[in-house]
Amino acid sequence: MEVKELVSVLSDTQVLGKDYSTLELSSIVNDTRKVKENSCFIAIKGEQFDGHQALASVVKEGAKLLIVEDIPDNWQEMDAMIVKVTSTYRAQAILANKFYNMPSQQLNLVAVTGTNGKTTTSTMISDLLMALGRKTGLVGTIHYKVDQTYYPAVNTTPNALELQSLYAEMLSAGCKDAIIEASSHALSLGRIWYSDVDCAIFTNLTREHLDFHKTMEHYAYAKSLLFAQMGQQFHSGKPRIAIINLEDPYHEVMIAATAADIVTYSLSDTKATAYVSDIESQRGTTTFVLHYAGKAHTVKLPMLGEYNISNYLAAFLTMTIYYGFPVEDVLIATSEFRGVTGRMQSIDEGQDFTAIVDFAHTSDALERVLQELSSRKTRKLIALTGHSGGNRDSGARPELGDLLFKYADEIVFTADNPRFEGVDKIVSELVQQHTEKPYIVIEKREEAIEYAITHAGTDDIILFAGKGGEAYQIIKDEYIPYDEVAVVRNTLKKQLTK
């Protein structure tokens, strides 16, 4: 794309430097490491680094178009065209959308938001679509997926430039369907600007990220931005769709924020578009009756927890109402669904106790998991967990600790993502004054897992909580590769061969 065509979409600009208006750009980047000959470089003022500090070096690397907020003192000496804007962060969303030819408008784009259930719901939708023969793109906590190509996820929702690039790659790979997790940070910080969302899902809202949002009202507002930004245009002859969980008290905020057509789900409210009855659970599976469009259907999921039924209802409505698949086809695809990595995932290597890996790290998610497992135990429930450190919502720790001591029989405290915060400090804020249940602190997570498995008895249940399918641990500022499921599985195998 020529420079003049790209920058034509910006309104309030000042242009200086060399005239490269007819130059064909090779790429558009905001990372100094990705600059190549004839790149457009967008100087972002980030928390850790200001791209304006690297303008001279990126020009040496071949950048010919610089998008800046501050004009460099030596701009006359630079072999580049410089475009000054009010906000480079806002400009990158506009420019990325233009550079990649508005890719999200060419996709069926579903976005899932909520405190809990985003990954499970989005993965269910992607898996059901694939079972029905569709290629999908998926952007979320566990990974970024473009058909059968997988990339590690650094943020649940990447910045607008990376997101538009992923959309373009999805189209090139033959994907027509994209599902993204929309985190509250991403919505507040504009990472989803110019993502043309056709179907938005609200799962729930419980305490999390108050270090960032400060209040639940601000947190709810951030989530509602997804629904407010959907627009009022039809897509493929149909209105945009908002799929809302009636069980959550904040559902009214989301409904009020959008002009989209509303579809609802509930575990019990018969006024919802889809609801359930006759829930029964056995080891690792849940069966229930789904009520939709005046008919009842028996469904079996390879997951425990009523909240996973709720997630399934959101996915089911997406498949039937938004995508328009016949109910019978969706139910057949459901029978092939094998669960979600790190979400109430049972690890069975032939041991005589139950091992469950789950991402539960918020108060609401942890209580749901602990309640579910506590109701099923015949002997001890052992919980292994920690809490993210480093400027995260430490105010949630007392409540998390109360839940652990309420439901678990034994607790193994360990590192989650401690960052620069001491594990002993984190644990002390979780434990508070509790002494009624035995607990131990083992900082290294692999050693804590080995301890829990070694000390489990016949018919015990061990919950490995907090990491789920995350592919790393954050210790200080280092992202260390880590796979909880693999560690648990390998430790079980090792223990069973002794």
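This is a short dialogue about contacts in a predicted model.

Student: Why is S122 called buried?
Tutor: Its relative accessible area is 1%. Buried means under 20%. So S122 counts as buried.

Student: Where does S122 sit, and what does its side chain reach?
Tutor: S122 is found in helix 4, which spans residues 118-131. A polar atom of its side chain lies 3.1 Å from the backbone oxygen of T119. The limit for a polar contact is 3.5 Å, and 3.1 Å is within it.

Student: Which residues is S122 in contact with, leaving aside neighbours within four places in sequence?
Tutor: They are V112, L138, I179 and E181.

Student: What makes R445 and E484 a salt bridge?
Tutor: Their side chains meet at 2.8 Å, N to O. A salt bridge needs a Lys or Arg side-chain nitrogen within 4 Å of an Asp or Glu carboxyl oxygen. At 2.8 Å, the R445 and E484 pair is within that cut-off, so the name applies.

Student: Why can such side chains pair at all?
Tutor: Side chains of opposite charge can pair when their charged atoms come close.

Student: How do you know that R445 and E484 link distant parts of the chain?
Tutor: Look at their places. R445 is in helix 15 and E484 is in helix 16. They are 39 residues apart.

Student: Are R445 and E484 buried or exposed?
Tutor: R445 has a relative accessible area of 1%. E484 has 0%. The cut-off for buried is under 20%, so R445 is buried, and so is E484.

Student: What else does R445 reach?
Tutor: Its side chain reaches the backbone oxygen of A465 at 2.8 Å. Not counting residues up to four places away in sequence, R445 also touches a list of residues, including L384, D416, K467 and Y482.

Student: How many salt bridges does the structure hold?
Tutor: There are 25. One of them joins D460 and R379, at 2.8 Å, N to O. This pair links distant parts of the chain, 81 residues apart. D460 is in the loop between helix 15 and strand 22. R379 is in the loop between helix 12 and strand 19.

Student: Why is D460 called buried, but R379 partly exposed?
Tutor: D460 stands at 0% relative accessibility. That is under 20%, so D460 counts as buried. R379 stands at 43%. Partly exposed lies between the 20% and 50% cut-offs, so R379 gets that label.

Student: What makes K380 and D460 a salt bridge?
Tutor: The closest N and O atoms are 3.8 Å apart. The limit is 4 Å, and 3.8 Å is within it. K380 lies in the loop between helix 12 and strand 19, and D460 in the loop between helix 15 and strand 22, so this pair ties together parts that are 80 residues apart in sequence. K380 is partly exposed, with a relative accessible area of 23%.

Student: Which residues are in the salt-bridge network with D460?
Tutor: R379, K380 and E410 are linked with D460 in that network.

Student: Why is the pair of Y292 and F316 called edge-to-face?
Tutor: Their ring centres are 5.2 Å apart. Rings pair if their centres lie within 6.5 Å, so these two pair. Their planes stand at 85°. Over 60 degrees counts as edge-to-face, so the label fits.

Student: Where are these two rings in the chain?
Tutor: Y292 is in strand 15 and F316 is in helix 10, 24 residues apart. Both residues are buried. Ring pairs also link F288, Y292, Y312 and F316 into a cluster. The structure holds eleven aromatic pairs.

Student: What sits over the ring of W193?
Tutor: The charged end of R90 does, 4.2 Å from the ring centre. The distance limit is 6 Å, and 4.2 Å is within it.

Student: How do you know that C175 is in no disulfide?
Tutor: The nearest cysteine sulfur, that of C199, is 18 Å away. A disulfide needs two sulfur atoms within 2.5 Å, so C175 is in none. C199 is in no disulfide either. The structure holds zero disulfides.

Student: Why are both cysteines called buried?
Tutor: C175 has a relative accessible area of 2%. C199 has 0%. Buried means under 20%, so the word fits C175 and C199.

Technical notes: Residues are numbered from 1 along each chain as its sequence is written. This is a predicted model: local features need pLDDT of at least 70, side-chain atom pairs count only at pLDDT 80 or more; totals for chains, interfaces and linings use all residues. Side-chain values use heavy atoms; hydrogens and water are left out. Helices (H or I, at least four residues) and strands (E, at least two) are DSSP runs, numbered from the N terminus. Buried means under 20% relative accessible area, exposed over 50%, partly exposed in between (1.4 Å probe, protein chains only). A polar contact is a pair of N or O atoms within 3.5 Å; within protein, one must be able to donate a hydrogen and the other to accept it, and residues adjacent in sequence count only if both atoms are side-chain atoms. Contact means heavy atoms within 4.5 Å. Rings of Phe, Tyr and Trp (its six-membered ring) pair if their centres lie within 6.5 Å; planes under 30 degrees apart count as stacked, over 60 as edge-to-face and the rest as tilted. A charge sits over a ring if NZ of Lys or CZ of Arg is within 6 Å of the ring centre and within 35 degrees of the ring normal.
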